Every structure is written in structure tokens, then in C-alpha cells.
Amino acid sequence: MINVLLGDRYKIGEMIGSGGMADVYVAQDTRLARKVAVKILRSDLARDPSFVARFRKEAFAAAGLNHPGIVSVYDSGEEPAPYIVMELISGHTLRELIHKGERVPLNRALEIGEGILAALEYSHEQGIIHRDIKPANIMITDQGDVKVMDFGIARALADLGATLTSTWNIVGTAQYLSPEQALGEPADMRSDIYSTGCLLYEVLTGNPPFTGETPVSIAYQHVSGVLVAPRTLQPDLPAGIDLVLAVALAKKPEDRYQSAGSMLDDLFKIAAGQIITTRAPRKKISRRRVLVSVLSSLLAIATIAAGLFVTRPSTDVSTFPQIPNVVGLSAAEAKALLGDYVVTLTRAYDGRIPKDRVASQLPLATTRAQKGSGVILTLSDGPGDVIVPEDLIGMSLVDARAALAAIGLLVSRTEAVSSDEALGTVLRVTPDGGSTITAGSGVILQIASGQVEVPALIGVDLIQARTILVQVGFLIRELEAYDANQPIGVVISQAPDAGTTQTIGKSVTITVNKAP
């Protein structure tokens, strides 16, 4: 892309960022003689006409936002792919700040929250809801100012029902997802307030309010989990923090702050040492059907993104058939096996799977799903060139692996070295960020060394075992054997043993029970 002239005006320079939705480049605005940032959407979104139409509309809407706390959108275009031209910010994202592992001082944390809420108060007054407030969408300038970005992209994705845009992006988004979004219900300004509460909770305590081993379990916690008071984790926080975040993170929208401005006022009071008089929400919550609702909503959201309607399942998921594994099959073979489901096909580069064979499926194999519901199959376009992300250094091993997998790359090896950085932090990447390599290739990550306890995996089904190991920070080596006394598809042995410690990033070998 370097030296390409977009719109007969923007001369593209070096890449400065890469994410699940777009690549970002520095560019020279030849008409106004200034530097700008150009965000070019990834190819699969660019091929979706409905997304492009929505993106065009929302880009113009976002361009109408004029506020010091919002990254300005100057222009947009669609050739050679949809792009937006934005204010070039010198600084870093809040995500980078959080991943450093250093505790943010109270006054600075409050200033960050105040900056986000001031921007949202303005955007809400203009009728624009962000829907995807998370650390990666918050910029901290070199001068310390707070700026919110990606209003247009977030709105366009949300209107396609694609809040969770891929199986990997779910992990990051789920940490800041409002209960109504997790249940597939409409989002409004109070959803932005909930997400801001999640973000502020993490900045103040060092931990997100809800965690889990999978995106579904995290979403379930948002819907029904009990919030741990921030002062339980950080006793030196002022008393008002517990109340503010209890209100912001109320399960029901009507129990939350009804405007960003009202939450902003309470943060000002805390900063000034004043007493908060806002009433705490009711704590009564029904748990019936919550898990099923979350599961079906996550599937529905992913499926709607492909333009497909999914029938909501009944409450007894255990009666549903298991989806067969069709990875590696041709489209015709996969459709034949999936005759009870509505199949949608997408395509992506993949260096591991031959061209025109199924590279991945959603839901995953062995997931129980109602007949007539949707299954999304991604067919391989064979190896293609991808760019190694430039923002991997400083990420956790789990986040780096997810970022690489999202663009079709693997972690081929990790090298653990002594470091003052947090356990598992990525210190070096080979090939270097910005390098162009073939999809399916392996990337070597040098990470901060440390010992991690090996989890107990015997008796756990294969997919869950993979998830657990990835989340803990291990690579996975799989073997197969047969034990007539154990269920098919579960782990029957592991090495090292559960409870032992091993250097993060090393491999754990699991033997899966497979019928002869």
C-alpha cells in the first residue's frame, strides 16, 4: 500500500497499526499538506455490500462529531477498499497502558473515565451510540488527553448484528459487553455506560469485572454474575467508587446511570472528595434460561453477520444433535453432512488447509445445536500474503496468539526469557511486525519467563481442553489413543501432570480418546 494515492489525495505511508477489522496507515493529505491516519477495512468486510453501505452512512455521521474527546473523521472512500481518513494521534491506546500491568493512579484513572464520558455525553446528544467501548478504542495522546475513536465502524457492525465479529474478536469484546448485548437485545446509550464501567473497573483495579475461560462464560457472567466490589480488590480506593461502578454495571439498563453526564458528575464528586448520593441498583436477578440465551445470542450474532437468520433454540440444549466436524472437507461434502442445518459459506486465506476445503466452522464441531439453525463454514483460498501485526510487543501471550490467528498465522514457537515485564508478555516477534509472510506460517514469540501451573485436563472434552490451555498460556500437542472405558473425544492422559508447574509458552501434550 505504501505510496498508493487514495482518492487522488491521500498518499499512503507506513503502517502504524493492525487489528481485527482494519489496517491503519500514516498518509499525507496532498491537498491540505498535513499528515492524517487512514484506516482501510479488511477484505472480508469490504466484500460485504450491506456493510459497505452502512459503513458509508455511519462514516458521514461520525464525521459530523466535533468534540475534543473524539478522534475526528475527515473523509472516507471505497477504492481500492472502504477507508476512512482520521485525525492522526500521537500517543497510545488505553489497551497498551493496561497491558503494561502498572496500576494507574486514582486521579489519572478518574481523568480517563471523565474523558470517555464527556465524549459519550456529546455523541449521545447527537444521537450516535458507540456500542463498542473498549480499551483498544480509547487513545491517550502524548499530552495525556483522552480521545474515543471508531464510532463509524462500531455502529456499522452493530447494525449488521456483528458486535462479536469473529471467534477471536469475541474474547476482547466480551470483557466489555453489556448484558443486553450478550443476550442479543438492542443497545442504547446505557450500553455505552455499562462498557465504560467495565473499562473503568479494570483501570482502577487491574482486573476486568468479569472473567471466564471462554467468551460464552464471560458473557454469562455479565448477564448473571455477581460483581466484586472494587474496594475488595483495592482497599485504598475511595468509598464512592463502589457505588458508582455498582450503578454503571447494573444488569438492567433502567438501574444504571441514564446518561453519561450523570455518571460524569459522580466522578467529578469523587475527585473532589464529595459524597455520592446516587442510589445503588436492586440486586435481584433471575438466572433462568440465562445461559441458553447467551449461547444462542452469540451464535445468532455471528450468523447474522453473514446475513443469516438463526432460530432460537429451546431450553433443553442436551437434546440437540452435535454438529459434525467438517474441517478439511469440500463444500459439497460438508453440506451433505450438515443437511440438518442452514450453511453459509465464507472464504479466507489459510496456509494449512488446501484451497476450496473447509478451514474452520462456527459453531465448533461437537457443539450441540438445534436443527435448522445456522452453521458458518470458511473455505480456504489457499496461502495468501498477510502482514505480521506491529502491535504484538507488550501484549499477553493469549492476546498475541489471538491476534495472529485472526489473520491466519500461527505461533510456531515461544522463547521464554528473564524479564521485568509481566509473566507471558511478548518482548520480541520474529519475523518483525510489518513483515509480509504467507498465511499459515509460524511466528516466533519471545515472552517474559515464568512458571504456570498445569491445569487438570483428564476427562475434559478436546475443545474445552484446548480453550483452557490457550487461556493459561501453553501451546498444545495432541495425540490419539483408544480406551473403551472412557467417552470418545475426552482427554485420557496428559503430560506434564496436573498441578505441576511449567514455563509459560511451552507445550502440554494431551492424548484424546478416539475410536479405532
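In which loop does Asp8 lie? Select Asp8 to begin, and you will find this residue in the loop between strand E1 (5-6) and strand E2 (10-18), where helices (H or I, at least four residues) and strands (E, at least two) are DSSP runs, numbered from the N terminus. The model on screen is predicted, so local features need pLDDT of at least 70 and side-chain atom pairs count only at pLDDT 80 or more, while totals for chains, interfaces and linings use all residues. Residues are numbered from 1 along each chain as its sequence is written, and side-chain values use heavy atoms, with hydrogens and water left out.

**Two aspartates with positive phi**

Stay on Asp8 and read its backbone: phi is near 55°, a positive value in a residue other than glycine. Asp8 counts as exposed at 69% relative accessibility, on a scale where buried means under 20% relative accessible area, exposed over 50%, and partly exposed in between (1.4 Å probe, protein chains only). Next select Asp356, in the loop between strand E10 (342-348) and strand E11 (358-362); its phi, near 70°, is likewise positive in a residue other than glycine, and Asp356 is partly exposed, with a relative accessible area of 39%. Most residues other than glycine have a negative phi, and most peptide bonds are trans.

**The E7-E8-E9 sheet and helix H4**

Now select strands E7 (91-93), E8 (138-141) and E9 (146-148), which form an open antiparallel sheet in the order E7-E8-E9; two strands are taken to pair if DSSP finds at least two bridges between them. E7 and E9 stand at the edges, each with a single partner strand, so one side of each is left without a neighbour in the sheet. The twist averages 30° from one strand to the next. E8 and E9 pair over three bridges, and Ile140 stands opposite Val146 in E9. Add helix H4 (106-125) to the selection: H4 packs on the sheet, touching E8 and E9, and its direction makes about 40° with that of E9. Contact here means heavy atoms within 4.5 Å; axes are lines fitted to C-alpha atoms, for helices over the stretch in contact, and angles run from 0 to 180 degrees between N-to-C directions.

**The largest nonpolar core**

Colour Ile116, Ile138, Phe151 and Met263, which touch the most other members among the 46 residues of the largest nonpolar core. Such a core is a set of buried Ala, Val, Leu, Ile, Met, Phe, Trp, Tyr and Cys residues joined through side-chain atoms within 4.5 Å. The elements that each supply at least two residues of this core include H4, E8, E9, H8, H11 and H12. Centre on Phe151, whose contacts, not counting residues up to four places away in sequence, include Leu65, Ile70, Leu120 and His130.

**Helices H12, H8 and H11**

Follow the core to helix H12 (residues 260-271), whose 12 residues reach 17 Å from the first C-alpha to the last, close to the 16 Å expected at 1.5 Å a residue. Among its buried residues are Met263, Leu264, Leu267 and Ile270, and the buried residues of H12 pack against H4, helix H8 (189-205) and helix H11 (239-248). Just after H12 comes Gly273, with a positive phi near 75°.

Then show H8 with H11, which pack at an angle of about 145° with their axes 8 Å apart. In H8, Ile193, Tyr194, Gly197, Leu200, Tyr201 and Leu204 meet Ile241, Leu245 and Ala248 in H11.

**Thr414 and the E19-E22-E20 sheet**

Move to Thr414 in strand E14 (residues 410-417), which is buried, with a relative accessible area of 7%. Its contacts, not counting residues up to four places away in sequence, include Leu397, Leu445, Leu475 and Ile504. The C-alpha atoms of Thr414 and Ala448, 34 residues apart along the chain, are separated by 10.0 Å.

Select next the open sheet of three strands in the order E19-E22-E20, where the pairing is mixed. Four bridges join E20 to the antiparallel strand E22 (residues 507-513), and Ser493 stands opposite Thr511 in E22.

**Two cis peptide bonds**

Finish at the prolines. A cis peptide bond, with omega about 0°, joins Thr430 and Pro431, and Pro431 lies in the loop between strand E15 (426-430) and strand E16 (436-438). Another cis bond, again with omega about 0°, joins Ala495 and Pro496, the latter lying in the loop between E20 and strand E21 (501-503).

Conventions
Expected span 1.5 Å × (residues − 1).
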